[in-house]
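I opened this model to look up how some of its helices pack and what its nonpolar cores are made of. My notes follow the order in which I checked things.

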Amino acid sequence: MSGIAELFSTSYLNGGSAAYIEELYEQFLADPASVPENWQQLFRELRQGAADSAHEPVKAYFRDAWKRPTTVVVQGAGKNEEHDAKQVGVLRLINAYRARGHQHAQLDPLGIWKQEHLSDLTLEYHGLSERDYNTTFRSTLYGATERTLKDIHEHLSQCYTSTVGFEGSHITNQNERIWLREYIESSRCKPQLKADSRKTLLQGLTAAEGLERYLGAKFPGAKRFSLEGGDAFIPMMGEMIQRAGEQGVKEVVIGMAHRGRLNMLVNILGKSPADLFDAFAGKHAEVHGSGDVKYHMGFSSDCETVGGKVHLALAFNPSHLEIVSPVVTGSVRARQERRELDLVGQDTRNQVLGVSVHGDSAFTGQGVVMETFNMSQARGYTTGGTVHIVINNQVGFTTNRQDDVRSTSYCTDIAKMVQAPIFHVNADDAEAVLFVTQLALDYRIKFKKDVVIDLVCYRRWGHNEADEPTATQPVMYKEIKARATARQIYAEQLVKAGHLKDADVQALVDDYRKKLDAGEQVAPGIVPFQKSEFSADWSPYFGQRWTAAADTTVDQDRLKRLGEKITAVPAGFKLQPRVAKIVDDRKKMTAGELPLDWGYAETLAYAALLEDGYRVRISGQDCGRGTFFHRHAVWHEQETGNTHEVLKNISDKQAPFTVIDSVLSEEAVLAFEYGYATTSPTSLVIWEAQFGDFANGAQVVIDQFISSGEQKWGRLCGLTLLLPHGYEGQGPEHSSARLERFLQLCAEQNMQVVVPTTPAQVFHMLRRQMIRPLRRPLIVMSPKSLLRHRLATSSLEELSSGKFKTVIGEIDQLDPKQVKRVVICSGKVYYDLLETRRAQNRTDVAIVRVEQLYPFPTASLKKALEPYQHVREYAWCQEEPKNQGAWYNSKHHFKECLPSGFVLSFAGRPASAAPAVGYTSVHDEQQKELIAKALG
């Protein structure tokens, strides 16, 4: 039996993994002629699916892989059977190191991380020993194809079991695996260091340690979430930015939680140390409302690199750690698309880079990480890959590294779901850290995919500087207390190797301290910020008031022209029958033969905005068609499955239009859209919930960013949320967008909460959101049944004149003097009240709609109520239970608008723990009762 045959036999027939056999295939099966004839027949059977069904994954692989070329050819036959068997052992050893070497790597700087002993990483397991060291074998390692076993073994140890551990065997793309293998094995994990690179690396470590020690001495006991123990993060970021600039990156957007954030601000982004010291002293220069703690604040600056200036942006981040990751990717996508408008035909994915910095416990523990990974290659959300850096402290606050924090071997295992390569590195080996930084960035630039660096370190102090970690991790902190810092370790190495003298090392420490004492900027390469043609200009939106004028009308002739464009069916394009009926109806609406419904008015609003030069982006789980079969922004040809996006075909000069049926996520997708909206002031950015009820899956985004981002950080955002809301007997998870929660968050005119009831209202509302020079979130309780309600229609004239009405008064011809009761309401319930009143021929009850619940339109409601000053009976009617909806949060506004001597009653469902009932009969009975109570 040849070496090839034996190797394949022991691997395949004895149940070897598909990934392992794939490695063998790459090494031995480039040329079928090199395989013995009897084995060729086996491969033919594998390709035909005729072999043992228990090995279906392997068969599937070979059916595809047989057709692919490989890069290495090794012949198995040797001079004698003993040498041939050892040759097989050598090749097995190489494969074992490549696949599992990370499990024996020296990753923990504290030396207390005990890893499982793997027998297949020993010589003996493969029939070899040190007695074979001087024997020459064929090798698939990068470099010479024939070398001694000693050279092979040392090469493998240097690459795969030193202070770096590589995980890449989960990657199925052959080109990526070969590229990674050659990169690692050609360098032997040594970075490409230029003449002064070692000194620069030591300077980074000196700065990281110097700032923390300075803050600790100057502000003892103050929380700063020290980076100490993970000091190598600072030179890592410095190298990444410089190398990124060298490879054409123009912007880097960074998201990170607390640990090391102050160090990052000062030593990388160039924040003035004096300003940081003022923040510790309680002083502040910011003018936004509530402000925020210093380790939540963002920053931006420009850094000079060999490849030119790189703009750096650190995202603002609350204490909800990982939620910033999708915000960063949204910001990156917006910046990339902004460049695409001017750099037509160019791939801008490598011009804007996202870097997400994580904590180990949060990375493995918070679901938004998985959601963000899942979006990383999805069409509407990809940014060409994010570089993830995990600052792995090996402890979560007080929770132990593995026993309680996770169920996986590594905190980074979640990244395998997108086949991202993972590089574990000992943070106390500064040059190894530099190497994986270069490798990670080069991979991201080449393959445009996510990549993960696991910076295995420790935290010298507790969770914060006031914490006492020895109470819960006494053994770990005994080791930490005795351990030299990363700066001390590397400085000693450089002095010992003759690269620097002790005096040089001390000079770096003294120079850095002097700059801090003087309050000088200490980050290298920082240059004055200058706006470029790709910078977003927010200046027109600062200081704007809600009363800012906005002409949202569109000339009728223009509306008809736009209508003809968005109802034009391409030649030979067969529409689904129901969709064809909708399109035909829209043609009639354009001609004035039918009143406009909700979906068409909404689409016309987008069309006009696009023609006006505003980008429109809509995402959500069913946005293209619309959950309720109303939007149809994407048509699907029934024979071929080809699609046609009507809003991309308005004119050659229109702004871009994007509609995305999103991944099944609320939290990450909404956070992404927030990040996009805060970076693109001239884009109408919309997130539509499948049902408004599901928005609570993104409550962190709503609480921490949308409702309070401007007050905390001064960040303007015009994001629009469409939240389908309305009680139609569909149960407690398909009724309520939790209007009460949004109203509870309203203060300081931070956002708009509206409940539009007509197509004209949604038309003017959407156009107002862009045309008015105000960028604040818009929360829309959008309808479901009203999308096709016979009374919820509008005319072209209502779109070409008027504006969004915050209050709509009585529409029937009632004599105000005969009115004895006034019902105030919002949303769908209006039509139930109207139809019931008309059916009863009631002329003594007036109905007034409040279309905007916040900022509350006090003056407009007072004006609508002026004809009823003699009325003493007023009712607020809502479909929601009494403890939900607008009642508790808005009744003081209603009362303020009523004349003196009034009585304001409540008409709605009784207080309830659930948003709605699940039984149709009960729902119907409740609805009848609340309508009857409202009308009196």
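These entries cover a nonpolar core and its neighbour, then a helix pair, then one further helix.

Entry 1, the cores. I kept in mind throughout that this is a predicted model. I looked up the largest nonpolar core, which has 98 residues, and found that Phe-166, Phe-233, Met-237, Val-355, Ile-389 and Leu-439 touch the most other members. Helix α15 (residues 430-447) gives this core its largest share, 12 residues. Leaving aside residues up to four places away in sequence, I listed the contacts of Phe-166, and among them are Arg-98, His-102, Tyr-160, Ile-184, Phe-423, Phe-435 and Leu-439. I also noted a second, separate core of 67 residues, with Val-327, Ala-378, Ile-706 and Leu-853 included in it.

Entry 2, a helix pair. I then turned to α8 (residues 197-218) and α17 (residues 486-497), whose axes come within 9 Å and cross at roughly 150°. Since angles over 145 degrees count as roughly antiparallel, the two helices α8 and α17 are therefore roughly antiparallel to each other. I recorded their crossing as left-handed. On the α8 side the contact includes Arg-198, Leu-205 and Arg-213, and on the α17 side it includes Arg-487, Tyr-490 and Leu-494. By type, I found the contact residues to be seven nonpolar, two polar and four charged.

Entry 3, helix α28. In α28 (residues 829-839) I found Val-829, Tyr-830, Tyr-831, Leu-833, Leu-834 and Arg-837 buried, and the buried residues of this helix pack against β23 (821-825), β24 (845-850), β26 (873-881) and α31 (920-935). Just after α28, I noted that Asn-841 has a positive phi of about 55°.

Conventions: Residues numbered from 1 in each chain as written. Predicted model: local features only at pLDDT ≥ 70, side-chain atom pairs only at ≥ 80, totals over all residues. Heavy atoms only, no water. Axes fitted to C-alpha atoms, helices over the stretch in contact; angles between N-to-C directions. Helix = DSSP H or I, 4+ residues; strand = E, 2+ residues; numbered from the N terminus. Parallel < 35°, antiparallel > 145°, perpendicular 65-115°, else oblique. Left-handed = near helix turned anticlockwise from the far one by under 90°. Contact = heavy atoms within 4.5 Å. Nonpolar A, V, L, I, M, F, W, Y, C, P; charged D, E, K, R; others polar. Buried < 20%, exposed > 50% of the residue type's maximum accessible area, 1.4 Å probe, protein only. Core = buried A, V, L, I, M, F, W, Y, C linked by side-chain atoms within 4.5 Å.
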